[in-house]
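Q: Could you take a close look at one part of this model with me? I would like to start from the inside and then work outwards.

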Amino acid sequence: MKILVTGGAGFIGSHLVDELLSEDYELVVIDNFSSGSFDNLSNSITSPKLKVIKGDLRDASVLVASLSDTQTVFHFAANPEVRIGDPNEHFENNIKATYNLLEVMRKMDVANIVFASSSTVYGDAEALPTPESYGPLKPISIYGASKLACKALISSYAYTYSFRGISLKYFQCYRPQK
Ligand SMILES: NC(=O)c1ccc[n+]([C@@H]2O[C@H](COP(=O)([O-])OP(=O)(O)OC[C@H]3O[C@@H](n4cnc5c(N)ncnc54)[C@H](O)[C@@H]3O)[C@@H](O)[C@H]2O)c1
């Protein structure tokens, strides 16, 4: 099976790349290297099963090349800035990028997507630890709102176009230095 990992040069995405390669999958990584790096891919960059494309999800034409013969997408690319930042950056790199990806997937009959969502979709949750079923979802950051919008888009593609979508709500992730 061939898998596309968006944001595969980032912190979490690069660990996923290492893991998927150890399971012998064929991978394509697309990343614009805005916060990712080749250092993150040092364990896997020499693998013949890995192809790295430097490209931006805001450009749908890059996605067409990346998705050829792909069955599944792990969508981890995003502007991960939780603090205020520039709302337009969140719209472009999170919502528009996800929309571009879903549209190219739809046109190319790629119907499986795993999305890196976030605990920020809960906002100031009153229940701690927060159960997966908690609601209503009331994000308090632009980042959280963008993640919730992406999740809603994926849900709508699942119901409208028979996609299979999974949203993983990560809380604070940390790692040892590679
Ligand atoms: N780290 C956490 O604690 C945490 C918590 C919740 C959710 N998440 C989500 O998990 C995913 C990975 O987070 P991370 O901590 O590894 O962040 P990261 O910044 O290390 O990884 C994001 C990657 O996406 C790439 N990218 C950004 N915009 C892009 C674009 N327009 N086109 C192509 N590539 C683009 C970056 O260069 C980077 O490699 C993100 O979607 C993030 O929102 C992370």
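Which residues in the largest nonpolar core touch the most other members?

A: Happy to walk through it with you. Please keep in mind that this is a predicted model.

Let's begin with the core itself. The largest nonpolar core has 22 residues, and those touching the most other members are L4, L67, V73, L101, M105 and I113. Several elements give two or more residues to this core: the strands β2 (26–31) and β5 (112–118), together with the helices α2 (60–66), α3 (87–107) and α4 (142–161). Helix α3 provides the largest share, with 5 residues. In soluble globular proteins, nonpolar side chains tend to be buried together.

L101 is a good residue to click on if you want to see how the core is put together. Setting aside neighbours within four places in sequence, L101 is in contact with L4, T6, L63, L67, V73, H75 and I113. Apart from the largest core lies another one, made of 16 residues, and I3, L21, L27 and V114 are among them.

Now stay with helix α3, and look at N93, which is found there. N93 is buried, with a relative accessible area of 13%. Its side chain makes a polar contact of 3.3 Å with the side chain of R58. If you leave out residues up to four places away in sequence, N93 touches N32, R58, A77, A78 and N79.

The ligand is the next stop. It is surrounded by 29 residues, and the closest are I12, D31, S35, Y143 and K147. Three polar approaches are worth displaying on your screen. A polar side-chain atom of Y143 sits 2.5 Å from an oxygen atom of the ligand. On D56, a polar side-chain atom lies 3.0 Å from a ligand nitrogen atom. G36 takes part through its backbone, with an N or O atom 3.1 Å from an oxygen atom of the ligand. On its own the ligand has 820 Å² of accessible area, and the protein covers 93% of that.

From here, let's turn to the backbone. Most residues other than glycine have a negative phi, and most peptide bonds are trans. With that in mind, have a look at F33, which is not a glycine and yet has a positive phi of about 60 degrees. F33 is found in the loop between β2 and β3 (50–54), and it counts as buried, at 16% relative accessibility. S162 also has a positive phi of about 60 degrees without being a glycine. The place to find S162 is the loop between α4 and β6, where S162 is exposed, with a relative accessible area of 59%.

There are cis peptide bonds to look at as well. The bond from L128 to P129 is cis, with omega near -10 degrees. P129 has its place in the loop between β5 and α4. G135 and P136 are joined by a cis peptide bond too, with omega at about 0 degrees. P136 is placed in the loop between β5 and α4.

Going on to strand β6 (residues 164–170), you will find G165 there. G165 is partly exposed, with a relative accessible area of 41%. Leaving aside neighbours within four places in sequence, G165 is in contact with I113 and I154. This brings us back to the largest core, where I113 is one of the residues that touch the most other members. G165 and T72 are 93 residues apart along the chain, and their C-alpha atoms are separated by 10.0 Å.

Finally, a word on the cysteines, since you may be thinking about them at the bench. Searching the whole structure turns up 0 disulfides. C150 is in no disulfide, and the nearest cysteine sulfur, that of C173, is 17 Å away. The sulfur of C173 has no partner within bonding reach because its closest cysteine sulfur, in C150, is 17 Å off, too far for a bond; a disulfide needs the two sulfur atoms within 2.5 Å. As for their surroundings, C150 is buried, with a relative accessible area of 1%, whereas C173 counts as partly exposed at 32% relative accessibility.

Methods. Residues are numbered from 1 along each chain as its sequence is written. This is a predicted model: local features need pLDDT of at least 70, side-chain atom pairs count only at pLDDT 80 or more; totals for chains, interfaces and linings use all residues. Side-chain values use heavy atoms; hydrogens and water are left out. Buried means under 20% relative accessible area, exposed over 50%, partly exposed in between (1.4 Å probe, protein chains only). A nonpolar core is a set of buried Ala, Val, Leu, Ile, Met, Phe, Trp, Tyr and Cys residues joined through side-chain atoms within 4.5 Å. Helices (H or I, at least four residues) and strands (E, at least two) are DSSP runs, numbered from the N terminus. Contact means heavy atoms within 4.5 Å. A residue is near a molecule or strand if one of its heavy atoms lies within 4 Å of it. A polar contact is a pair of N or O atoms within 3.5 Å; within protein, one must be able to donate a hydrogen and the other to accept it, and residues adjacent in sequence count only if both atoms are side-chain atoms. Accessible areas come from the Shrake-Rupley method with a 1.4 Å probe; for residues, only the protein chains shown count as cover.
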